[in-house]
Amino acid sequence: MKKILVIEAQAETRNLFLEGLKAEGFHTIGVGNGRVGIELAQEELPDLIVSEIALPKLDGYSVLIKLRQNPVTAIIPFIFVTAQGKRTEYRKAMELGADDYITKPCTLEELLKAIATQLEKQQLLIEWYAKQFQSVRE
């Protein structure tokens, strides 16, 4: 079962995401601020992180920067789901290493498709690296 961390300040939105993801068979963890989000990401090592940009304590950009600086969390797929839809914000997110960027309002289906895409990409990378490692050992 894949583990998804949702970092979202708005409890209603966070709970909608958590319930929808749980109904699709994901193990979910939800938090309301960026600082706790980083702590949980480091403790729980989720398979994927969904985050808002506008967060208390530490904004989503800072969360992404901190996670990308830590070798343990650097490769966890990271999707922004945010009300901030300006092109400059999108570019900043991509330049910092976000894997996807969805603007609110969005449907659960849109989020699920983005998650599926990132998890498939992650699985392909794992398989590729395992194959490379195996060929080096032979």
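What follows is a conversation about the sheet and the largest pocket of a predicted model.

Tutor: In this predicted model, local features need pLDDT of at least 70 and side-chain atom pairs count only at pLDDT 80 or more, while totals for chains, interfaces and linings use all residues. Residues are numbered from 1 along each chain as its sequence is written, and side-chain values use heavy atoms, with hydrogens and water left out.

Student: What makes β4 and β5 paired strands?

Tutor: Strands are DSSP runs of E with at least two residues, and helices are runs of H or I with at least four, numbered from the N terminus. Two strands pair if DSSP finds at least two bridges between them; four bridges join β4 (residues 78–82) to β5, so these strands meet the definition of a pair. In this parallel arrangement, F80 stands opposite Y101 in β5.

Student: Why do β2 and β5 stand at the edges?

Tutor: The open sheet has five strands in the order β2-β1-β3-β4-β5, with parallel pairing. β2 (27–31) and β5 (100–103) each have a single partner strand, so one side of each is left without a neighbour in the sheet.

Student: Which residues make up the lining of the largest pocket by kind?

Tutor: The lining divides into seven nonpolar, two polar and three charged residues. Ala, Val, Leu, Ile, Met, Phe, Trp, Tyr, Cys and Pro count as nonpolar, Asp, Glu, Lys and Arg as charged, and the others, Gly among them, as polar, so I75, which is in the lining, counts as nonpolar and D99 as charged. The largest share of this lining, six residues, comes from helix α5 (residues 108–137).

Definitions and conventions
On a 1 Å grid over the protein atoms alone, a cavity is a set of points where a 1.4 Å probe fits but cannot get out, and a pocket is an open set with protein on both sides within 12 Å along at least five of seven lines; lining residues have an atom within 4 Å of a point.
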